[in-house]
Amino acid sequence: MKALLKFLWIQLKMDLREKGTLMNYYVVPLLFYILIGSVFSQPETKSTLAATMIIFAVTMGAVVGIPGPLVKMRESGTLRAFSVNGISNGMVTFVHAISAFLHVLIVSVIIFCTSPLIFKSDNPTYPVLFFFVLLLFLFTSTAIGVLIGTVARNQSFVTTFSQLVFLPSILLSGIMFNTSMLPKVLMWVGRIFPATHAMQMFKGLAFHRQTDYSSMIALLALTAIGVVAITLTYLRIRQISKGVLS
């Protein structure tokens, strides 16, 4: 356990020294939060500003920030070096995921604490449920980010695949505008992505507002996506460890 915590501490510091990782975890989400927060003026969007900006930050950090370093470690032979020294690929991936989870959680807490002060947004009706949704969404998004990183064969693939998940998550989830404005087909496409379910849960459970569909359905869907992503990641890591796939 002591070795694991030391490894995690080293990974956290390495993340902060890596410019690309720092941009994805902190700089871009917080800049987006400041810019968009100052633009949102409608009462509905203003009231749930913390939730919408947290969804952006989590999606950005997990889906865009996590996969690249994982692929880079595999391409550079770092994972193989860890294996030679008795540290499994699964452990390296786990520590990387926990490090990313903590970084994005810190940004989310910053947004939660400052949005009522800076932009006069509403506090959630049920703060405990707000953080429950945040942690579940962060878990699922982290799982997806790790899955992309373990499946992607090179940097060009991981960039393309991350954007294919990130952009629809932002545009179709309802954080920029109400999903009722979308064509019905796009509304259903949006439900493939965790961000859509997280938005419904934030509205229904934390802010006690009207939602497009049941918050319980969103909860089950978000949990299921996370479990599937974790399972597929585990199988992929086993394949890499056995040398089936490079």
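**Reading a surface patch, a buried serine and a pocket**

Tutor: Helix α9, residues 155–172, gives the nonpolar patch its largest share, 3 residues. Keep in mind that this is a predicted model.

Student: Which residues form that nonpolar patch on the surface?

Tutor: They are Val151, Phe157, Phe161 and Leu164, and together they have about 360 Å² of accessible area. Val151 lies in helix α8, which covers residues 127–151.

Student: Is Val151 buried, partly exposed or exposed, and why?

Tutor: Buried means under 20% relative accessible area and exposed means over 50%, with partly exposed in between. Val151 has 39% relative accessibility, so Val151 counts as partly exposed.

Student: And how should I read Ser108: buried or exposed?

Tutor: Use the cut-off of under 20% for buried again. Ser108 counts as buried because its relative accessibility is 0%. You will find Ser108 in helix α7, residues 89–119.

Student: What does Ser108 touch, leaving out residues up to four places away in sequence?

Tutor: On that count, Ser108 touches Ile54, Val58 and Leu134.

Student: Now for empty space. What volume does the largest pocket have?

Tutor: The general idea is to roll a probe the size of a water molecule over the atoms, which shows where empty space is left. Here, the largest pocket has a volume of about 490 Å³. It is lined by 23 residues, and the closest to its centre are Glu18, Thr21, Gly68, Pro69 and Lys72.

Student: Which helices each supply at least two residues of that lining?

Tutor: Those are α1 (2–17), α2 (19–39), α4 (49–65), α5 (67–76), α6 (78–84) and α9. You have met α9 already, in the nonpolar patch.

Note on methods: Residues are numbered from 1 along each chain as its sequence is written. This is a predicted model: local features need pLDDT of at least 70, side-chain atom pairs count only at pLDDT 80 or more; totals for chains, interfaces and linings use all residues. Side-chain values use heavy atoms; hydrogens and water are left out. Patches are made of residues with over 30% relative accessible area and no salt bridge: like charges are joined within 9 Å, nonpolar side chains (Val, Leu, Ile, Met, Phe, Trp, Tyr) within 5 Å. Accessible areas come from the Shrake-Rupley method with a 1.4 Å probe; for residues, only the protein chains shown count as cover. A salt bridge is a side-chain nitrogen of Lys or Arg within 4 Å of a carboxyl oxygen of Asp or Glu. Helices (H or I, at least four residues) and strands (E, at least two) are DSSP runs, numbered from the N terminus. Buried means under 20% relative accessible area, exposed over 50%, partly exposed in between (1.4 Å probe, protein chains only). Contact means heavy atoms within 4.5 Å. On a 1 Å grid over the protein atoms alone, a cavity is a set of points where a 1.4 Å probe fits but cannot get out, and a pocket is an open set with protein on both sides within 12 Å along at least five of seven lines; lining residues have an atom within 4 Å of a point. Grid points are joined across faces, edges and corners, and a volume is the space filled by probe spheres set on the points.
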